[in-house]
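Here are my notes on this model, as numbered points. Please read them beside the coordinates.

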2 protein chains.
Amino acid sequence: MARISQIDKATPPLKASGAEPRSVGFRQREKIIRAATGVFSQKGYDGARVEEIAQRAGLPKGNVLYYYKTKKNLYRVVIEQVLSLWLEALGDISADDDPCDAMSQYIRRKLDLSRNYPEASRLFAIEVIGGAPVIGEHLKGRLRDWVTQKGAIFHSWQQEGRMAPIDPAHAFFMIWAVTQTYADFQAQIEAVISPANYDAEVYEKGAPGVVAALVRGLGLSSQKQPLR
Amino acid sequence: MARISQIDKATPPLKASGAEPRSVGFRQREKIIRAATGVFSQKGYDGARVEEIAQRAGLPKGNVLYYYKTKKNLYRVVIEQVLSLWLEALGDISADDDPCDAMSQYIRRKLDLSRNYPEASRLFAIEVIGGAPVIGEHLKGRLRDWVTQKGAIFHSWQQEGRMAPIDPAHAFFMIWAVTQTYADFQAQIEAVISPANYDAEVYEKGAPGVVAALVRGLGLSSQKQPLR
DNA sequence: CCGAAAGTTGACCATTCGGTCAAAAGTGAG
DNA sequence: CTCACTTTTGACCGAATGGTCAACTTTCGG
């Protein structure tokens with residue numbers, strides 16, 4: 001099985017789909033999702049075995065399928081959860097903000113996401129690299145709208161000469177690329193600069209320079225300036 | 001089968017492993033590699049089916065296995081070829097170059113790689129995201145050395161105030177992240193800015209701004225300047 | 001033109017893996 | 001305690017897939 005397409009019925013038991021915070025199955029679902037995120041993010045959809053997810057979650061395979069009916073369905077739940085995390089955590093950027101401050105903060109927040117949820121980042125990357133078969137529609141909807149909206153803000157900043165004249169969408173692509181690379185390409189980074197402690201070495205020592213470089217690259221300034 | 005580890009014997013027939021440019025099997029191997037690159041890059045190692053690779057190459061499955069013995073072996077050949085392409089095509093950067101020119105050119109070249117070999121880029125990404133089980137050693141060797149060497153050049157530029165004081169390794173991570181994102185995250189970019197023609201819209205219209213932003217971000221200048 | 005080596009092919013096999021199922025065990029409201 | 005429910009579990013099944021094989025055809029140097 002390679003492609004994921006149709007929608008299967010919602011996750012089973014427990015009236016409504018949510019799962020009540022105290023029910024027996026709630027903890028189980030949590031464990032399963034956590035385990036699944038880890039496995040899917042490393043092996044991709046096809047490479048992941050339900051058996052391994054079950055093992056990591058500490059229960060038999062049958063039990064995993066009991067909660068999430070099918071592997072496909074489990075995958076969808078996991079990846080949609082990741083996308084939500086992404087979109088929610090992005091925070092807001094408003095036209096009134098100081099461009100330099102607002103974007104520095106945004107970039108730092110994005111960097112924190114990579115740091116705190118590297119597996120989520122990698123899972124997202126695998127999904128997109130594979131053509132985004134599951135979340136493609138969401139990207140064309142929610143994400144696209146978000147970019148369009150923020151793009152307008154960039155545009156106004158550019159009018160005031162407080163941001164370099166770069167296509168707003170591309171500005172985001174740059175920022176996302178750089179921030180996510182620290183999660184997605186961790187293996188490569190570790191190979192190149194064998195850090196004793198990845199977080200300390202990379203996110204604490206390396207990050208400030210990277211944030212600065214991005215802000216400088218986007219030509220973000222605090223004062224209004226004449227267009228060069 | 002999920003993990004790839006031990007080394008299996010080289011690709012079979014044809015004395016030496018190379019394959020003579022005119023032999024019957026030469027074209028076949030080429031076709032197979034091309035097909036395999038495509039399939040692996042989209043589905044990952046486990047998701048790829050030998051049958052599909054064979055179909056794309058226009059021959060029966062048995063024939064593919066005849067040339068590359070095992071799926072694992074085929075994967076290794078493909079990915080190592082990609083890494084070679086990567087390292088070779090990077091070109092040289094020398095201390096005598098003008099930082100601004102040299103890096104602009106380097107970035108443009110890297111962007112061309114993404115444009116001309118998007119599948120190779122995605123395959124590389126999947127491998128690294130999965131922990132680089134196959135090319136990890138190469139990264140710790142060849143790539144690491146390359147970065148160390150070029151890093152020294154960056155350092156000398158920084159001494160002269162012709163480059164921002166950013167960790168050289170991170171400078172590369174940034175550049176790679178940004179340039180590769182156009183291949184790896186194509187699906188996302190297409191979702192956000194539905195381009196009629198990806199190449200034209202993204203690489204021709206978008207690229208210049210991106211190159212400029214990177215150069216600006218890295219603080220690369222043509223003249224020597226006092227450290228700020 | 002001959003013969004050995006290279007290449008082709010489809011049938012076949014063993015294994016793996018997602019998913020089913022039924023029987024047993026737990027849970028909790030009334 | 002009882003009854004209806006949720007949950008647990010491992011045995012089991014069928015399909016898919018990597019890899020083998022033996023028979024057959026093609027290629028090509030001498």
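1. A polar side-chain atom of A:Gln28 sits 2.5 Å from a phosphate oxygen of DNA strand D. A:Tyr67 also reaches a phosphate oxygen of this strand, with a side-chain N or O atom at 3.0 Å. From the other chain, B:Arg49 places a polar side-chain atom 3.2 Å from a phosphate oxygen of DNA strand D. A polar contact here is a pair of N or O atoms within 3.5 Å; within protein, one must be able to donate a hydrogen and the other to accept it, and residues adjacent in sequence count only if both atoms are side-chain atoms.

2. Some ground rules. This is a predicted model: local features need pLDDT of at least 70, side-chain atom pairs count only at pLDDT 80 or more, and totals for chains, interfaces and linings use all residues. Residues are numbered from 1 along each chain as its sequence is written, chains are lettered from A and ligands numbered from 1 in the order in which they are written, and side-chain values use heavy atoms, with hydrogens and water left out.

3. Which residues come nearest to DNA strand D? They are A:Gln28, A:Tyr66, B:Arg49, B:Lys61 and B:Lys71, out of 17 around the strand. A residue is near a strand if one of its heavy atoms lies within 4 Å of it. Of the DNA strand D atoms within 4 Å of the protein, 68% are sugar or phosphate, and the rest belong to bases.

4. H3(A) supplies the largest share of the surface near DNA strand D, with four residues. Helices are DSSP runs (H or I, at least four residues), numbered from the N terminus. By class, this surface has nine nonpolar, five polar and three charged residues. Nonpolar covers Ala, Val, Leu, Ile, Met, Phe, Trp, Tyr, Cys and Pro; charged covers Asp, Glu, Lys and Arg; the others, Gly among them, are polar.

5. Now the other strand. Around DNA strand C there are 17 residues, and A:Arg49, A:Lys61, A:Lys71, B:Gln28 and B:Pro60 come nearest. Sugar and phosphate make up 70% of the strand C atoms that come within 4 Å of the protein.

6. Does A:Lys61 reach a base oxygen or a phosphate oxygen of DNA strand C? A polar side-chain atom of A:Lys61 lies 2.7 Å from a base oxygen. A:Lys71 uses a backbone N or O atom, 2.6 Å from a phosphate oxygen of DNA strand C. A:Val50 has a polar backbone atom 3.2 Å from a phosphate oxygen of that strand. Helix H3 (61-68) of chain A, with helix H1 (24-47) and helix H3 (61-68) of chain B, are the elements giving two or more residues to this surface. H3(B) gives the largest share, four residues.

7. On helix H2 (residues 50-57) of chain A, the buried residues are A:Val50, A:Glu52, A:Ile53, A:Ala54 and A:Ala57. Buried means under 20% relative accessible area, exposed over 50%, partly exposed in between (1.4 Å probe, protein chains only). A:Gly58 follows H2(A), with a positive phi near 80°.

8. The largest nonpolar core has 156 residues. Such a core is a set of buried Ala, Val, Leu, Ile, Met, Phe, Trp, Tyr and Cys residues joined through side-chain atoms within 4.5 Å. Among the residues with the most contacts inside it are A:Leu74 and B:Leu74. Beyond its neighbours within four places in sequence, B:Leu74 is in contact (heavy atoms within 4.5 Å) with residues including B:Ile32, B:Phe40 and B:Tyr68.

9. Over all chains, 18 salt bridges are counted. The rule is a side-chain nitrogen of Lys or Arg within 4 Å of a carboxyl oxygen of Asp or Glu. B:Arg115 and B:Asp199 form one at 3.0 Å, N to O. B:Arg115 lies in helix H5 and B:Asp199 in helix H10 of chain B, so the pair ties together parts 84 residues apart in sequence. B:Arg115 is partly exposed at 25%, and B:Asp199 is partly exposed at 28%.

10. Another salt bridge joins B:Glu137 and B:Lys140 (3.6 Å, N to O). Three residues apart in helix H7 (residues 136-159) of chain B, B:Glu137 and B:Lys140 are separated by about one helical turn. B:Glu137 is exposed at 59%; B:Lys140 is partly exposed at 47%.
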